[in-house]
Amino acid sequence: MQLLDIYAGPTALKEIKEHGLKQELFDYMLGASGGPKWFSLAGLDRVVFSQFFAERKTPLHIVGSSAGAFRFACFAQNDPVAAINRLADKYSHTTYADKPTAKEITLSAIELLDYVLGENGMDEIIHNPIIKAHFVVARCKGLTKFENRPVQMAGLIASAGANFVSRRHLKQFYQRYVFASPSSELVIHDPNNMPTYSVELSKANLTQALMASGSIPIVIEGVRNINGAPAGMYRDGGIIDYHFDLTFGPSNGLVFYPHFYPKPIPGWFDKSLRNRLPHKSSYDKVVMAVPSAEFVTSLPYQKIPDRTDFETMPAQQRIDYWQKVIKQSDQLGEAFLAAMDDEQIADKVKPFVF
């Protein structure tokens, strides 16, 4: 059974044909939004964090939104495997009341983040000389900046309507803020011309930035007035950059992207828009590692986890299911190790399917 599919854009495939699947080819790494979907990648993250990039000598810019930001807060710590294991264990055992409030879910997320960061995590992330963390957050404009549920919902409906016409209209409702490693030189290019504002990560704002990056509208409370950033309400980075439609600079290296799906979805409001695809130019230099359809079929319930599992499964059933997925995900890590050593890997790489 093939466990892991590897996709690459034209320039990325050319590099792999010349050099193999080598970490030196990459200057960037992406982490998508998706909540519990990430459990399917936990084993792959363990290998990528601890082995693939283990001998890294030059900066690797890691860019994550929502769950991707939480994962990358683990990657930038001194012991990334211990941190990612803390995230997987704590998150997978999360339980709520039958009808949890946004406050309850928010407090649970804060507790999770405190556990993942531990005593030294913030310092390790901020001062990491090689793994340069970047957490994507959406600063809200208009009605989406309010916590009142009906008002916020009205803002989301308006946002969705504008986005349906064109992603370019999202900037009327949101601004992309990237909370970046203090020594980062990352430049983000958006084909839809939404500007990117950068704020330096510090001990005063790192937890705020991470919480904001995962603050799903309606579900979790937003974060107001992040230290070092303009006043305002900040929410889930996936609103703008759910699975990304961006290119990066100033370095010319490739982008490594472990992802749950072979078809990335640009923004949160694009999930129901089948024809809303990323620009091909955004994936020219991307190498994407994805669980194969066969692997997904082998999972309990023949699917990767998602947030609806909280609603459709009793707590213990859900926890058991998620634990099994996390355990099975180690197979993806083993498959990636084999790909690293495969001299014919370029012949097995697939073109993107969008």
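A charge is taken to sit over a ring if NZ of Lys or CZ of Arg is within 6 Å of the ring centre and within 35 degrees of the ring normal. In the predicted model analysed here, R318 and W322 provide one such arrangement, the charged end of R318 sitting over the ring of W322 at 4.8 Å from its centre. A further arrangement involves K90, whose charged end sits over the ring of Y115, 5.6 Å from the centre of that ring.

Contacts between aromatic rings were examined next. A pair of aromatic rings is described by the distance of the centres and the angle of the planes. In total, 31 aromatic pairs are found in the structure. One of these joins F173 and Y174, with a centre-to-centre distance of 6.5 Å and an angle of 40° between the planes. The pair counts as tilted because planes under 30 degrees apart would be stacked and those over 60 edge-to-face. F173 and Y174 are both buried. One aromatic cluster is formed by F26, F49, F52, F53, F72, F75, F256 and F336.

Internal space was also assessed. Rolling a probe the size of a water molecule over the atoms shows where empty space is left. The structure contains 1 cavity of 30 Å³ or more, and the largest cavity encloses about 40 Å³ of space. The lining of the largest cavity consists of R167, R168, L170, D190, N192, M194 and I240. By residue class, this lining comprises 3 nonpolar, 1 polar and 3 charged residues.

Technical notes
Residues numbered from 1 in each chain as written. Predicted model: local features only at pLDDT ≥ 70, side-chain atom pairs only at ≥ 80, totals over all residues. Heavy atoms only, no water. 1 Å grid on protein atoms, 1.4 Å probe; cavity = no way out; pocket = protein on both sides within 12 Å on 5 of 7 lines; lining within 4 Å. Points joined across faces, edges and corners; volume = space filled by probe spheres on them. Nonpolar A, V, L, I, M, F, W, Y, C, P; charged D, E, K, R; others polar. Phe/Tyr/Trp six-rings, centres within 6.5 Å; stacked < 30°, edge-to-face > 60°. Buried < 20%, exposed > 50% of the residue type's maximum accessible area, 1.4 Å probe, protein only.
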